[in-house]
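The exercises below deal with the empty space in a protein model and with the ligand bound there. Each task is followed by a solution in steps.

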Amino acid sequence: MTRVRSVELRLISLPLVRPFRTSFGEMLDKVCILARAETDQAHGWGECVADVEPTYSEEWNDGAWSVIRDFLAPALFAARDTDASELASAFAFVRGHPMAKATLENAVLDAELRARGGSLAEHLGGVRERVACGVSVGIASSTEALLDHVAGYVDEGYQRIKLKIEPGNDVERVRAVREANPDILLSVDANAAYRLADVETFRALDAFELLMIEQPLHHEDLWEHSLLQKEIRTDLCLDESIRSAADARAAIELGACRIVNVKQGRVGGVLEARRVHDVAKELGAPVWCGGMLETGIGRATNLALAALPNFRLPGDTSATNRYFAEDLTESLVLAPDGTLPVPAGPGIGVEPDPDRLAAATLRVERLVPDRP
Ligand code: SMG
Ligand code: MG
(Lines give C-alpha, C1' and ligand atoms only; values in the text may rest on other atoms or scores of the structure.)
(Ligands and ions follow the chains in the order given, each with its own letter.)
Protein backbone atom coordinates (compact mmCIF):
# COMPACT_ATOMS: atom_id res chain seq x y z
CA MET A 1 0.00 0.00 0.00
CA THR A 2 1.19 3.48 -0.83
CA ARG A 3 0.43 6.73 0.97
CA VAL A 4 1.30 9.70 -1.23
CA ARG A 5 2.39 12.62 0.96
CA SER A 6 2.83 15.24 -1.75
CA VAL A 7 2.84 15.79 -5.48
CA GLU A 8 5.11 18.38 -7.03
CA LEU A 9 4.04 19.66 -10.43
CA ARG A 10 6.71 21.29 -12.55
CA LEU A 11 6.48 22.86 -15.99
CA ILE A 12 9.73 22.48 -17.92
CA SER A 13 11.00 23.68 -21.27
CA LEU A 14 13.84 22.20 -23.33
CA PRO A 15 14.87 23.44 -26.80
CA LEU A 16 14.57 20.84 -29.58
CA VAL A 17 17.68 20.30 -31.73
CA ARG A 18 15.54 20.83 -34.86
CA PRO A 19 12.01 22.23 -35.25
CA PHE A 20 9.43 19.43 -35.50
CA ARG A 21 6.62 20.14 -37.97
CA THR A 22 3.51 18.00 -38.30
CA SER A 23 0.24 18.50 -40.19
CA PHE A 24 -1.10 20.40 -37.15
CA GLY A 25 1.78 22.68 -36.20
CA GLU A 26 5.43 23.27 -35.49
CA MET A 27 7.27 22.70 -32.23
CA LEU A 28 10.53 24.46 -31.35
CA ASP A 29 10.73 23.53 -27.67
CA LYS A 30 9.48 20.65 -25.60
CA VAL A 31 7.29 22.16 -22.89
CA CYS A 32 5.64 19.69 -20.52
CA ILE A 33 4.56 18.92 -16.98
CA LEU A 34 6.57 16.59 -14.75
CA ALA A 35 4.96 15.20 -11.61
CA ARG A 36 7.02 13.98 -8.67
CA ALA A 37 5.03 11.88 -6.18
CA GLU A 38 6.52 11.52 -2.71
CA THR A 39 5.65 8.55 -0.50
CA ASP A 40 7.12 7.57 2.88
CA GLN A 41 9.49 5.14 1.17
CA ALA A 42 10.39 6.71 -2.17
CA HIS A 43 9.54 9.21 -4.87
CA GLY A 44 8.44 8.62 -8.45
CA TRP A 45 8.26 10.56 -11.71
CA GLY A 46 5.53 10.96 -14.29
CA GLU A 47 5.82 13.00 -17.49
CA CYS A 48 2.72 14.44 -19.10
CA VAL A 49 2.56 14.10 -22.90
CA ALA A 50 0.28 17.12 -23.39
CA ASP A 51 1.66 20.13 -25.25
CA VAL A 52 1.22 23.90 -24.99
CA GLU A 53 -1.87 23.87 -27.22
CA PRO A 54 -4.75 21.36 -27.57
CA THR A 55 -3.79 20.40 -31.13
CA TYR A 56 -2.66 16.75 -31.06
CA SER A 57 -5.54 16.03 -28.64
CA GLU A 58 -7.99 18.00 -26.48
CA GLU A 59 -5.52 18.11 -23.60
CA TRP A 60 -2.92 20.84 -23.10
CA ASN A 61 -0.45 21.73 -20.38
CA ASP A 62 -2.41 24.34 -18.44
CA GLY A 63 -5.56 22.22 -18.63
CA ALA A 64 -3.73 19.10 -17.43
CA TRP A 65 -2.13 21.11 -14.63
CA SER A 66 -5.52 22.24 -13.39
CA VAL A 67 -7.13 18.78 -13.75
CA ILE A 68 -4.30 17.26 -11.71
CA ARG A 69 -4.29 20.01 -9.06
CA ASP A 70 -8.05 20.40 -8.64
CA PHE A 71 -9.40 16.87 -9.22
CA LEU A 72 -6.88 14.04 -9.57
CA ALA A 73 -4.41 14.88 -6.79
CA PRO A 74 -7.26 15.44 -4.26
CA ALA A 75 -8.70 12.03 -5.28
CA LEU A 76 -5.26 10.46 -4.86
CA PHE A 77 -4.86 12.00 -1.39
CA ALA A 78 -8.42 11.00 -0.41
CA ALA A 79 -7.67 7.38 -1.35
CA ARG A 80 -5.00 7.50 1.42
CA ASP A 81 -3.51 3.98 1.43
CA THR A 82 -3.74 2.98 -2.18
CA ASP A 83 -1.96 1.29 -5.03
CA ALA A 84 -1.20 2.48 -8.56
CA SER A 85 -3.44 -0.28 -9.93
CA GLU A 86 -6.43 1.24 -8.08
CA LEU A 87 -5.99 4.75 -9.42
CA ALA A 88 -7.84 4.26 -12.71
CA SER A 89 -11.02 3.65 -10.72
CA ALA A 90 -10.25 6.43 -8.22
CA PHE A 91 -9.85 8.80 -11.20
CA ALA A 92 -12.83 7.49 -13.20
CA PHE A 93 -15.14 10.27 -11.96
CA VAL A 94 -13.10 12.63 -14.15
CA ARG A 95 -14.23 11.99 -17.68
CA GLY A 96 -11.44 11.82 -20.26
CA HIS A 97 -8.13 13.59 -19.56
CA PRO A 98 -6.02 10.44 -20.03
CA MET A 99 -2.79 12.44 -20.31
CA ALA A 100 -3.34 14.09 -16.94
CA LYS A 101 -4.30 10.74 -15.38
CA ALA A 102 -1.24 9.03 -16.86
CA THR A 103 1.07 11.64 -15.35
CA LEU A 104 -0.06 10.93 -11.82
CA GLU A 105 -0.56 7.18 -12.12
CA ASN A 106 2.89 6.70 -13.66
CA ALA A 107 4.48 8.81 -10.89
CA VAL A 108 2.81 6.73 -8.15
CA LEU A 109 3.72 3.45 -9.86
CA ASP A 110 7.33 4.59 -10.24
CA ALA A 111 7.46 5.42 -6.50
CA GLU A 112 5.99 2.00 -5.61
CA LEU A 113 8.49 0.17 -7.79
CA ARG A 114 11.43 2.19 -6.48
CA ALA A 115 10.35 1.30 -2.93
CA ARG A 116 10.26 -2.40 -3.87
CA GLY A 117 13.42 -2.25 -5.99
CA GLY A 118 11.80 -3.69 -9.14
CA SER A 119 12.00 -2.27 -12.65
CA LEU A 120 8.96 -1.04 -14.57
CA ALA A 121 9.76 -3.34 -17.51
CA GLU A 122 9.77 -6.38 -15.23
CA HIS A 123 6.54 -5.23 -13.55
CA LEU A 124 4.77 -4.88 -16.90
CA GLY A 125 5.96 -8.26 -18.18
CA GLY A 126 8.76 -7.15 -20.49
CA VAL A 127 10.59 -9.90 -22.35
CA ARG A 128 13.53 -8.09 -23.95
CA GLU A 129 16.51 -6.08 -22.81
CA ARG A 130 16.84 -3.89 -25.89
CA VAL A 131 14.17 -2.40 -28.12
CA ALA A 132 14.20 -1.66 -31.85
CA CYS A 133 14.06 2.06 -32.55
CA GLY A 134 12.67 4.09 -35.39
CA VAL A 135 12.58 7.83 -35.87
CA SER A 136 9.81 10.25 -36.79
CA VAL A 137 10.88 12.86 -39.34
CA GLY A 138 9.01 16.17 -39.35
CA ILE A 139 7.72 17.88 -42.50
CA ALA A 140 10.78 19.55 -44.01
CA SER A 141 11.07 22.85 -45.88
CA SER A 142 11.88 21.01 -49.13
CA THR A 143 12.29 17.52 -50.55
CA GLU A 144 16.10 18.02 -50.56
CA ALA A 145 16.06 18.90 -46.86
CA LEU A 146 13.88 15.86 -46.14
CA LEU A 147 16.25 13.53 -48.02
CA ASP A 148 19.10 14.99 -46.04
CA HIS A 149 17.35 14.44 -42.69
CA VAL A 150 16.42 10.88 -43.64
CA ALA A 151 19.97 10.04 -44.79
CA GLY A 152 21.34 11.23 -41.45
CA TYR A 153 18.95 9.05 -39.46
CA VAL A 154 19.54 6.01 -41.70
CA ASP A 155 23.29 6.45 -41.14
CA GLU A 156 22.75 6.52 -37.40
CA GLY A 157 21.13 3.10 -37.62
CA TYR A 158 17.42 3.75 -37.09
CA GLN A 159 15.47 0.64 -38.06
CA ARG A 160 12.41 2.46 -39.40
CA ILE A 161 11.85 5.93 -40.81
CA LYS A 162 8.44 7.58 -40.38
CA LEU A 163 7.63 10.62 -42.48
CA LYS A 164 5.11 13.17 -41.33
CA ILE A 165 2.81 14.04 -44.23
CA GLU A 166 0.06 16.57 -44.95
CA PRO A 167 -2.02 17.36 -48.04
CA GLY A 168 0.40 18.79 -50.61
CA ASN A 169 3.47 17.29 -48.96
CA ASP A 170 2.84 13.61 -49.42
CA VAL A 171 3.10 11.34 -52.50
CA GLU A 172 6.03 13.08 -54.24
CA ARG A 173 8.06 13.37 -51.06
CA VAL A 174 7.44 9.74 -50.14
CA ARG A 175 8.41 8.73 -53.68
CA ALA A 176 11.70 10.66 -53.39
CA VAL A 177 12.53 9.08 -50.03
CA ARG A 178 11.63 5.60 -51.29
CA GLU A 179 13.73 6.00 -54.44
CA ALA A 180 16.74 7.09 -52.41
CA ASN A 181 16.21 4.30 -49.86
CA PRO A 182 14.73 1.26 -51.61
CA ASP A 183 15.22 -1.15 -48.71
CA ILE A 184 14.37 0.72 -45.51
CA LEU A 185 11.27 0.19 -43.38
CA LEU A 186 9.28 3.31 -44.21
CA SER A 187 5.96 4.60 -42.88
CA VAL A 188 3.95 7.83 -42.93
CA ASP A 189 1.89 9.65 -40.31
CA ALA A 190 -0.80 12.17 -41.29
CA ASN A 191 -2.02 13.14 -37.81
CA ALA A 192 -5.63 13.09 -39.04
CA ALA A 193 -5.10 15.65 -41.82
CA TYR A 194 -7.03 13.87 -44.62
CA ARG A 195 -10.61 12.97 -45.51
CA LEU A 196 -12.06 9.83 -47.02
CA ALA A 197 -12.43 11.75 -50.30
CA ASP A 198 -8.59 11.78 -50.47
CA VAL A 199 -8.57 8.01 -51.14
CA GLU A 200 -6.58 8.52 -54.37
CA THR A 201 -3.66 9.89 -52.36
CA PHE A 202 -3.63 6.69 -50.31
CA ARG A 203 -3.95 4.50 -53.39
CA ALA A 204 -0.89 6.30 -54.76
CA LEU A 205 0.99 5.64 -51.49
CA ASP A 206 0.28 1.91 -51.94
CA ALA A 207 3.08 1.90 -54.56
CA PHE A 208 5.84 2.54 -52.00
CA GLU A 209 5.65 -0.64 -49.88
CA LEU A 210 5.02 1.32 -46.71
CA LEU A 211 5.02 -0.51 -43.41
CA MET A 212 1.87 1.41 -42.50
CA ILE A 213 -0.08 4.62 -42.89
CA GLU A 214 -0.69 6.16 -39.47
CA GLN A 215 -3.84 8.07 -38.54
CA PRO A 216 -4.88 9.37 -41.96
CA LEU A 217 -8.43 10.49 -41.04
CA HIS A 218 -10.31 12.22 -38.24
CA HIS A 219 -9.43 10.99 -34.76
CA GLU A 220 -13.07 10.23 -33.89
CA ASP A 221 -13.92 8.33 -37.08
CA LEU A 222 -13.25 4.60 -36.84
CA TRP A 223 -15.91 3.87 -39.43
CA GLU A 224 -14.29 5.95 -42.17
CA HIS A 225 -10.91 4.39 -41.37
CA SER A 226 -12.51 0.96 -41.87
CA LEU A 227 -13.81 2.09 -45.27
CA LEU A 228 -10.40 3.44 -46.28
CA GLN A 229 -8.65 0.25 -45.15
CA LYS A 230 -10.85 -1.73 -47.57
CA GLU A 231 -9.72 0.50 -50.45
CA ILE A 232 -5.95 0.16 -50.00
CA ARG A 233 -3.36 -2.55 -49.56
CA THR A 234 -1.11 -0.81 -47.04
CA ASP A 235 -1.92 -1.48 -43.38
CA LEU A 236 -3.52 1.37 -41.47
CA CYS A 237 -2.28 2.13 -37.97
CA LEU A 238 -4.24 4.24 -35.50
CA ASP A 239 -2.72 6.64 -33.00
CA GLU A 240 -4.99 9.56 -31.94
CA SER A 241 -8.13 7.38 -32.28
CA ILE A 242 -6.98 4.87 -29.64
CA ARG A 243 -7.50 6.19 -26.12
CA SER A 244 -8.15 2.91 -24.31
CA ALA A 245 -8.09 -0.87 -24.65
CA ALA A 246 -11.79 -0.68 -25.55
CA ASP A 247 -10.98 1.67 -28.44
CA ALA A 248 -8.26 -0.71 -29.62
CA ARG A 249 -10.69 -3.64 -29.61
CA ALA A 250 -13.32 -1.66 -31.51
CA ALA A 251 -10.83 -0.38 -34.09
CA ILE A 252 -9.29 -3.79 -34.82
CA GLU A 253 -12.61 -5.65 -34.85
CA LEU A 254 -14.09 -3.03 -37.17
CA GLY A 255 -11.16 -3.28 -39.57
CA ALA A 256 -10.28 0.39 -38.99
CA CYS A 257 -6.63 -0.56 -38.51
CA ARG A 258 -4.36 -3.61 -38.51
CA ILE A 259 -1.63 -2.08 -36.34
CA VAL A 260 -1.84 0.01 -33.16
CA ASN A 261 0.47 2.81 -32.03
CA VAL A 262 0.59 2.56 -28.21
CA LYS A 263 1.38 5.78 -26.38
CA GLN A 264 1.03 5.20 -22.68
CA GLY A 265 0.42 8.90 -22.06
CA ARG A 266 -2.45 9.00 -24.57
CA VAL A 267 -4.29 6.03 -23.02
CA GLY A 268 -4.08 7.00 -19.33
CA GLY A 269 -0.79 5.43 -18.27
CA VAL A 270 1.34 2.33 -18.60
CA LEU A 271 -1.24 0.02 -17.00
CA GLU A 272 -3.92 0.80 -19.60
CA ALA A 273 -1.18 0.71 -22.27
CA ARG A 274 -0.48 -2.88 -21.23
CA ARG A 275 -4.20 -3.66 -21.66
CA VAL A 276 -4.09 -2.13 -25.16
CA HIS A 277 -1.10 -4.37 -25.87
CA ASP A 278 -2.98 -7.42 -24.56
CA VAL A 279 -6.14 -6.78 -26.59
CA ALA A 280 -4.14 -6.27 -29.79
CA LYS A 281 -2.15 -9.44 -29.09
CA GLU A 282 -5.35 -11.43 -28.57
CA LEU A 283 -6.71 -10.12 -31.89
CA GLY A 284 -3.45 -10.78 -33.74
CA ALA A 285 -2.53 -7.13 -34.40
CA PRO A 286 1.07 -5.98 -33.80
CA VAL A 287 1.66 -2.85 -31.75
CA TRP A 288 4.58 -0.45 -31.49
CA CYS A 289 5.55 2.21 -29.04
CA GLY A 290 4.69 5.78 -30.04
CA GLY A 291 6.45 8.86 -28.77
CA MET A 292 5.57 12.43 -27.86
CA LEU A 293 9.09 13.89 -27.97
CA GLU A 294 9.43 12.99 -24.31
CA THR A 295 12.36 13.91 -22.10
CA GLY A 296 14.43 11.04 -20.71
CA ILE A 297 11.78 10.48 -18.02
CA GLY A 298 8.96 9.76 -20.46
CA ARG A 299 11.22 7.88 -22.84
CA ALA A 300 12.48 5.57 -20.08
CA THR A 301 8.80 4.82 -19.35
CA ASN A 302 8.19 4.11 -23.05
CA LEU A 303 11.22 1.83 -23.32
CA ALA A 304 9.93 -0.29 -20.43
CA LEU A 305 6.59 -0.65 -22.18
CA ALA A 306 8.23 -1.49 -25.52
CA ALA A 307 9.84 -4.52 -23.86
CA LEU A 308 6.45 -6.33 -23.92
CA PRO A 309 6.17 -9.23 -26.40
CA ASN A 310 3.61 -7.83 -28.86
CA PHE A 311 5.69 -4.68 -29.49
CA ARG A 312 6.79 -6.24 -32.76
CA LEU A 313 7.69 -3.16 -34.80
CA PRO A 314 10.34 -0.46 -34.19
CA GLY A 315 8.99 2.38 -32.03
CA ASP A 316 9.26 6.17 -31.96
CA THR A 317 11.70 5.70 -29.10
CA SER A 318 14.66 7.62 -30.41
CA ALA A 319 17.98 8.55 -28.83
CA THR A 320 18.46 11.75 -26.84
CA ASN A 321 20.42 13.46 -29.64
CA ARG A 322 17.40 13.24 -31.96
CA TYR A 323 15.53 15.56 -29.59
CA PHE A 324 17.78 17.56 -27.28
CA ALA A 325 21.35 18.84 -26.99
CA GLU A 326 21.09 17.92 -23.33
CA ASP A 327 18.38 15.77 -21.77
CA LEU A 328 17.10 16.05 -18.19
CA THR A 329 18.37 12.53 -17.53
CA GLU A 330 21.48 10.74 -18.65
CA SER A 331 21.56 10.53 -22.47
CA LEU A 332 20.05 7.53 -24.21
CA VAL A 333 22.50 6.58 -26.97
CA LEU A 334 21.46 4.57 -30.04
CA ALA A 335 23.54 1.45 -30.65
CA PRO A 336 24.76 0.96 -34.25
CA ASP A 337 22.13 -1.79 -34.65
CA GLY A 338 19.38 0.78 -34.00
CA THR A 339 18.39 -0.35 -30.52
CA LEU A 340 18.18 1.27 -27.09
CA PRO A 341 18.49 -0.57 -23.78
CA VAL A 342 15.44 -1.08 -21.58
CA PRO A 343 16.27 0.60 -18.24
CA ALA A 344 16.91 -2.08 -15.63
CA GLY A 345 17.09 -0.03 -12.43
CA PRO A 346 14.23 0.38 -9.92
CA GLY A 347 11.07 1.96 -11.34
CA ILE A 348 11.70 3.80 -14.61
CA GLY A 349 15.41 3.45 -13.88
CA VAL A 350 16.38 7.07 -14.56
CA GLU A 351 16.54 10.24 -12.50
CA PRO A 352 16.70 13.85 -13.72
CA ASP A 353 19.90 15.75 -13.07
CA PRO A 354 18.98 18.36 -10.39
CA ASP A 355 20.87 21.24 -12.03
CA ARG A 356 19.49 20.59 -15.52
CA LEU A 357 16.00 20.17 -14.06
CA ALA A 358 16.28 23.50 -12.23
CA ALA A 359 17.58 25.23 -15.37
CA ALA A 360 14.66 23.91 -17.46
CA THR A 361 11.94 24.77 -14.91
CA LEU A 362 9.35 27.44 -15.72
CA ARG A 363 6.97 26.90 -12.79
CA VAL A 364 6.55 24.64 -9.72
CA GLU A 365 3.57 23.95 -7.45
CA ARG A 366 3.54 21.58 -4.48
CA LEU A 367 0.27 19.80 -3.73
CA VAL A 368 -0.43 18.26 -0.32
CA PRO A 369 -3.48 16.69 1.34
CA ASP A 370 -5.89 19.04 3.17
CA ARG A 371 -5.37 16.90 6.25
CA PRO A 372 -2.19 14.88 6.85
O1 SMG B 1 8.69 11.09 -29.79
O2 SMG B 1 9.91 10.80 -31.53
C3 SMG B 1 8.90 11.20 -30.99
C4 SMG B 1 7.84 11.85 -31.84
C5 SMG B 1 7.04 10.84 -32.55
O6 SMG B 1 5.87 11.58 -34.47
C7 SMG B 1 5.87 11.43 -33.28
N8 SMG B 1 4.81 11.75 -32.54
O9 SMG B 1 1.60 11.52 -34.02
O10 SMG B 1 3.01 10.02 -33.56
C11 SMG B 1 2.69 11.20 -33.58
C12 SMG B 1 3.62 12.30 -33.13
C13 SMG B 1 2.97 13.23 -32.19
C14 SMG B 1 3.89 14.23 -31.62
S15 SMG B 1 3.37 15.80 -31.88
C16 SMG B 1 4.18 16.70 -30.72
MG1 MG C 1 1.11 9.58 -34.79
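**Exercise 1.** Which element gives the most to the lining of the second largest pocket, and with how many residues?

Solution. The model is predicted.

Step 1. Take the size of the site: the second largest pocket has a volume of about 280 Å³.

Step 2. List the lining. There are 15 lining residues, and Phe77, Ala78, Pro369, Asp370 and Arg371 lie nearest the centre of this pocket.

Step 3. Assign the lining to elements. Two or more residues come from each of strand S1 (2-22) and helix H1 (61-78). H1 is the element that gives the most, with 5 residues.

Step 4. Sort the lining of the second largest pocket by class: 9 residues are nonpolar, no residue is polar and 6 are charged.

**Exercise 2.** Describe the largest pocket by volume, lining and contributing elements.

Solution.

Step 1. The volume of the largest pocket is about 520 Å³.

Step 2. Its lining is made of 34 residues, with Phe20, Phe24, Met27, Asp51 and Leu293 nearest the centre. Five elements are listed as giving two or more residues to this lining: strands S1 (2-22), S2 (25-39), S6 (134-137) and S7 (160-164), and helix H12 (320-323).

Step 3. S2 makes the biggest contribution to the lining of the largest pocket, with 7 residues.

Step 4. By class, the lining of the largest pocket comprises 14 nonpolar, 8 polar and 12 charged residues.

**Exercise 3.** Where does ligand 1 sit, and which residues around ligand 1 come nearest?

Solution.

Step 1. Ligand 1 takes up the space of the largest pocket.

Step 2. There are 17 residues around ligand 1, and those that come nearest are Ser136, Asn191, Lys263, Leu293 and Tyr323. Leu293 is also among the residues that lie nearest the centre of the largest pocket.

Step 3. The shell around ligand 1 is made up of 7 nonpolar, 3 polar and 7 charged residues.

Step 4. Go through the polar contacts. A polar side-chain atom of Tyr323 is 2.7 Å from an oxygen atom of ligand 1. For Asp189, an N or O atom of the side chain lies 3.0 Å from an oxygen atom of the ligand. At Gly291 the partner is a polar backbone atom, 3.0 Å from a nitrogen atom of ligand 1.

Step 5. Compare areas. Ligand 1 taken alone exposes 440 Å², and the protein buries 98% of that.

**Exercise 4.** How many cavities of 30 Å³ or more does the structure hold, and what lines the largest cavity?

Solution.

Step 1. Count with the cut-off of 30 Å³ or more: the structure holds 3 cavities.

Step 2. The largest cavity contains about 80 Å³ of space. Its lining includes Tyr56, Ser57, Glu58, Glu59, His219 and Arg266.

Step 3. Classify the lining of the largest cavity: 3 residues are nonpolar, 2 are polar and 5 are charged.

**Exercise 5.** Repeat the analysis for the second largest cavity.

Solution.

Step 1. About 50 Å³ of space lies in the second largest cavity.

Step 2. Among the residues that line the second largest cavity are Gly138, Ile139, Leu163, Lys164, Arg173 and Val174.

Step 3. At least two lining residues of this cavity come from S7, and at least two from helix H6 (171-180). S7 is also one of the elements that give two or more residues to the lining of the largest pocket.

Step 4. The class division for the second largest cavity is 6 nonpolar, 2 polar and 2 charged residues.

Methods
Residues numbered from 1 in each chain as written. Chains lettered and ligands numbered in written order. Predicted model: local features only at pLDDT ≥ 70, side-chain atom pairs only at ≥ 80, totals over all residues. Heavy atoms only, no water. Near = heavy atom within 4 Å. Polar contact = N/O pair within 3.5 Å; in protein donor to acceptor, adjacent residues only side chain to side chain. Areas by Shrake-Rupley, 256 points an atom, 1.4 Å probe, with all protein chains shown as cover. 1 Å grid on protein atoms, 1.4 Å probe; cavity = no way out; pocket = protein on both sides within 12 Å on 5 of 7 lines; lining within 4 Å. Sits in = over half its atoms within 2 Å of the grid points. Nonpolar A, V, L, I, M, F, W, Y, C, P; charged D, E, K, R; others polar. Points joined across faces, edges and corners; volume = space filled by probe spheres on them. Helix = DSSP H or I, 4+ residues; strand = E, 2+ residues; numbered from the N terminus.
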